Amino acid sequence: RYFLMARGLSRELSQQKNVKKTQAGNKGNQEGLTATQRAERDAKVLQEKAAAKAASKAAALAEGGAAAEKAKADEARKQAQRDAKKERAYANTQVAKQNAKLGVADPAARDFKVGGDKDGKPPKDPNRPKLSKEEKIKRAAEAAMKAAAAGSAPKKGKDKAEPDPPAAAADEPEPGPEPADDDEEEGGAEEGEVDPAERAAAVAAEEAAARAQGEAGGLVLKRLRGEPGLCAALAWSPGEARRLSFHQFCTFGAPDAAAAASDGVLYYELVVGEGLENPQVGFATDGFESGRDYYDGDGVGDCSHSWGIDGTRCARWHEGDEEYDFEWAAGDVIGLAANRATGHFAVSRNGAWGGGGAGVLFSDAGLRCEGGVFPVVSAEAGSFEVRLPDAASGFAHSPPPVDFWGE
């Protein structure tokens, strides 16, 4: 009786701890919304503000008098700001600089998008040496490997010093700060945007890393969903476990591991790192949609083709989340096993397949699919060490014994 009372008290304290942790993680997000829901809410607010602004302007013009004159003056001022911004952008292009040297005026050249040429692309330096496709892939792979080894996302800018600006003429005043454009929303460009060229280089680097894993005789852990070169960094070298450091919510997986099941059981391990946010780890079938090269807030367990566990928020995932009493801490070794024959998915903590929520998480016919399942790892921040069932990874513990599945 006393044991049951202590166990109940321990569970209540654990639940209170989880509530406090959730509240701390939701500062500034009291509604408890997901990242996707917050983005949709913010977009709706911006749309409503823009609509209200347009309606107010239309009403002022229709009213006439002083209100209409003020609206027209505001529009003229904003147009002047946009024209000045376009002029400053044009003055910084190679065409403008060349024309300035020759003393030639070319008003037609100003008809381009701010920040680039008429097609919206940045101006190209005609003297810049061209690289072959192989050289580009090699450079991108080297940059990605260096960034991964440092545990950070690849830099968005080139890692070289900016050239010194040309000396200004004695009678030329120093340029002042650019005036703000009232039509621009606060914050400017969205944080984390990736240049198309850098995106292509990041994809090439990921392909090179995948080839290197395969050529070393191991399984291939790769990005399935998320922004290339921005969402996470994969550190790996032959003979060592893979390390994933997350910077934005995304999903990695090893689809070719489905064929690595031993006696119908696929087992892999994760070592929990520091600072994990919104992790979901588990298994997926070949019906799990991949190839999403953009931010995607859905991870393993958000659909009918995947199953996951989250020891940070204490939840299990399959077509959504459900509260589940399983918690992990940094340094814990989490074992994940899927039995295709029985349709079971089980989890262990530091080698223990029972107690504290460890054991069978799901019993689902979907896990008995013909093509098998494969490891999938999703998170928003923090890191995992990933140990796959290949020669490159050594397991700290063993898969569940045969009699564990109750066959």
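In this predicted model, the sulfur of Cys 250 lies 3.3 Å from the closest cysteine sulfur, that of Cys 231, which is too far for a bond. A disulfide requires the two sulfur atoms to be within 2.5 Å, and by this rule the count comes to zero disulfides. Cys 250 is buried, at 0% relative accessibility.

Cys 250 is also among the residues touched by Ser 378. Where does Ser 378 lie? It is part of strand S13, which covers residues 374-379. Ser 378 is buried, with a relative accessible area of 0%. Its side chain has two listed polar partners. One is the side chain of Thr 251, in a polar contact of 2.8 Å; another is the backbone nitrogen of Val 300, reached at 3.1 Å. Leaving out residues up to four places away in sequence, the contacts of Ser 378 include Phe 246, Phe 249, Asn 278, Pro 279, Gln 280 and Gly 299.

Phe 246 leads to the nonpolar core. The largest such core has 39 residues, and the members that touch the most others are Phe 246, Val 281, Leu 336 and Phe 384. Strand S5, residues 265-272, gives the most to this core, contributing four residues. In soluble globular proteins, nonpolar side chains tend to be buried together.

Which residues does Val 281 contact beyond its neighbours within four places in sequence? Among them are Leu 336 and Phe 384, both named with Val 281 as members that touch the most others. The contacts of Val 281 also include Tyr 268, Leu 270, Val 300, Trp 307, Ile 309, Trp 328, Phe 345, Val 376 and Val 377.

The structure holds ten aromatic pairs. The rings of Phe 246 and Phe 252 have their centres 6.4 Å apart and their planes at 90 degrees, so this pair is edge-to-face. Phe 246 is buried at 4% relative accessible area, and Phe 252 is buried at 4% relative accessibility. Phe 326 and Trp 328 also form an edge-to-face pair, with 6.4 Å from centre to centre and 90 degrees between the planes. Here Phe 326 is buried at 0% relative accessibility, and Trp 328 is buried with a relative accessible area of 8%. One aromatic cluster is made up of Tyr 267, Trp 353, Phe 395, Phe 404 and Trp 405.

Charged side chains form 13 salt bridges in the whole structure. Three of these are tabulated with their N to O distances.

| Basic residue | Acidic residue | N to O distance |
|---|---|---|
| Arg 77 | Asp 74 | 3.7 Å |
| Arg 292 | Glu 289 | 2.7 Å |
| Arg 292 | Asp 296 | 2.2 Å |

Arg 77 and Asp 74 are three residues apart in helix H3 (residues 65-91), so about one helical turn separates them. Arg 77 is partly exposed, with a relative accessible area of 37%, and Asp 74 is partly exposed, with 24%.

Is Arg 292 buried or exposed? Arg 292 is buried, because its relative accessible area is 15% and the cut-off for buried is under 20%. Of its two tabulated partners, Asp 296 is buried with a relative accessible area of 7%, whereas Glu 289 counts as partly exposed at 42% relative accessibility. Salt bridges with shared partners join these residues and Arg 225 into one network, made up of Arg 225, Glu 289, Arg 292 and Asp 296.

How values were computed:
Residues are numbered from 1 along each chain as its sequence is written. This is a predicted model: local features need pLDDT of at least 70, side-chain atom pairs count only at pLDDT 80 or more; totals for chains, interfaces and linings use all residues. Side-chain values use heavy atoms; hydrogens and water are left out. A nonpolar core is a set of buried Ala, Val, Leu, Ile, Met, Phe, Trp, Tyr and Cys residues joined through side-chain atoms within 4.5 Å. Buried means under 20% relative accessible area, exposed over 50%, partly exposed in between (1.4 Å probe, protein chains only). Helices (H or I, at least four residues) and strands (E, at least two) are DSSP runs, numbered from the N terminus. Contact means heavy atoms within 4.5 Å. A salt bridge is a side-chain nitrogen of Lys or Arg within 4 Å of a carboxyl oxygen of Asp or Glu. A polar contact is a pair of N or O atoms within 3.5 Å; within protein, one must be able to donate a hydrogen and the other to accept it, and residues adjacent in sequence count only if both atoms are side-chain atoms. Rings of Phe, Tyr and Trp (its six-membered ring) pair if their centres lie within 6.5 Å; planes under 30 degrees apart count as stacked, over 60 as edge-to-face and the rest as tilted.
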